[in-house]
Amino acid sequence: MSKIPLTVSGAEKLRAELQRMKTQDRPAVIAAIAEARSHGDLSENAEYDAAKERQGFIEGRIQELESKLSRAQIIDPKLIDTDGRCVFGATVTLEEQESGESVRYQIVGEEEAGIKDGKISVNSPLARALIGKYSGDIAQVEAPGGLREYEIIDIVYE
């Protein structure tokens, strides 16, 4: 099994979700199943079917989270000798050369990535172009609309 790279905050979020599922969601669905069972005939009981389906989802997600956390490789960029380079976990401010538009992204693992949250996967073309570069460098990214160039304005290790 391969390791899953995670930032410290990403690992904390997965642990919190696992804790919530085990201590709140699982007991709630067990209570819902018991309540639905008390209504009698299970063959035509939609509440029972829905609760059992929800239980299956919760148990599957708990297994998935436990597996991911057991394979997690937690990387804290503050503890790495980066020498000012862009690395996994770094938050990078970029300026798109053509438009002058400024954007800010944190380079994270697949599990944590979400463009709306300003987090890009380490496996994305943009992140691969940024890794190893310094402030002031230009990163070239082959995008569907053609080649795009980004100047690295700032690199922060949070």
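Before you start clicking, one term: two residues are in contact when heavy atoms lie within 4.5 Å of each other. Keep in mind, too, that this is a predicted model.

**The whole protein**

Begin with everything shown as a cartoon. The protein has three helices and seven strands, and reading along the sequence you meet them in the pattern β-α-α-β-β-β-β-α-β-β. Now turn the model around to judge its outline. The C-alpha atoms fill a box of roughly 70 × 35 × 25 Å along the principal axes. The radius of gyration is 22 Å, whereas a compact globule of 158 residues would be near 15 Å. Buried residues make up 39% of the 158 residues. Of the contacts with a separation of 6 or more, 54% join residues 24 or more positions apart.

**Stop 1: helix α1**

Select residues 8-37, which form helix α1. How far apart are its end C-alpha atoms? They are 42 Å apart, which agrees with the 44 Å that 30 residues should span at 1.5 Å a residue. Follow the helix to Met21 and look along the axis there: a kink of about 40 degrees is centred on this residue.

Next, show side chains for the buried residues of α1: Gly10, Ala11, Leu14, Glu17, Leu18, Met21, Asp25, Val29, Ile33 and Ala36. Met21, then, is both the centre of the kink and one of the buried residues. As you look at the spacing of such a list, it helps to recall that an α-helix has 3.6 residues a turn, so residues three or four places apart point the same way. To see what covers the buried residues of α1, add β1 (4-7), α2 (46-70) and β2 (72-75), which are among the covering elements.

**Stop 2: helix α2**

Keep α2 selected. Its 25 residues reach 36 Å from the first C-alpha to the last, close to the 36 Å expected at 1.5 Å a residue. Which residues of α2 are buried? They are Tyr48, Ala51, Gln55, Ile58, Arg61, Ile62, Leu65 and Lys68. The cover over these residues includes β1, α1 and β2. So that you can see both sides of the arrangement, leave α1 on screen: the cover of its own buried residues includes α2.

**Stop 3: the open sheet**

Now hide the helices and display the strands. Five strands form an open sheet in the order β5-β4-β3-β7-β6, with mixed pairing. At the edges are β5 (119-121) and β6 (138-143), each of which pairs on one side only. From one strand to the next, the twist averages 45 degrees.

Select strand β3, residues 90-96, where six of the seven residues are buried. On one side, β3 pairs with β7 (residues 146-157) in the antiparallel sense over seven bridges. β3 also pairs in the antiparallel sense with β4 (residues 102-108), over five bridges.

Click on Val92 to see both pairings from a single residue. Its bridge partner in β7 is Ile155, and its partner in β4 is Tyr105. Move along to Thr93, whose bridge partner in β7 is Asp154. While side chains are on, remember that in a regular strand they alternate between the two faces of the sheet.

Then trace the chain from β3 into β4. The two strands form a hairpin with five residues between them, and Gly100 in the turn has a positive phi of about 80 degrees.

**Stop 4: Ile155**

Go back to Ile155 in strand β7. Is Ile155 buried or exposed? At 12% relative accessibility, it counts as buried. Beyond its neighbours within four places in sequence, Ile155 is in contact with Gly84, Arg85, Cys86, Ala90, Thr91, Lys133, Tyr134 and Ser135. Arg104 is 51 residues away along the chain, and its C-alpha atom is separated from that of Ile155 by 9.6 Å.

**Stop 5: Pro77**

Finish with Pro77, in the loop between β2 and β3. Because its relative accessibility is 4%, Pro77 counts as buried. Select Tyr157 as well: the two are 80 residues apart in sequence, yet 5.7 Å apart from C-alpha to C-alpha. Leaving aside neighbours within four places, the contacts of Pro77 are Thr82, Val87, Phe88, Gly89, Ala90, Tyr157 and Glu158. Ala90 ties these two stops together, being in contact with Pro77 and with Ile155.

Methods. Residues are numbered from 1 along each chain as its sequence is written. Side-chain values use heavy atoms; hydrogens and water are left out. Helices (H or I, at least four residues) and strands (E, at least two) are DSSP runs, numbered from the N terminus. The expected span of a helix is 1.5 Å times one less than its number of residues. The bend at a residue is the angle between axes fitted to the seven residues ending there and the seven starting there. Buried means under 20% relative accessible area, exposed over 50%, partly exposed in between (1.4 Å probe, protein chains only). Two strands pair if DSSP finds at least two bridges between them. Axes are lines fitted to C-alpha atoms, for helices over the stretch in contact, and angles run from 0 to 180 degrees between N-to-C directions. The radius of gyration is taken over C-alpha atoms; the globule rule is 2.2 Å times the number of residues to the power 0.38.
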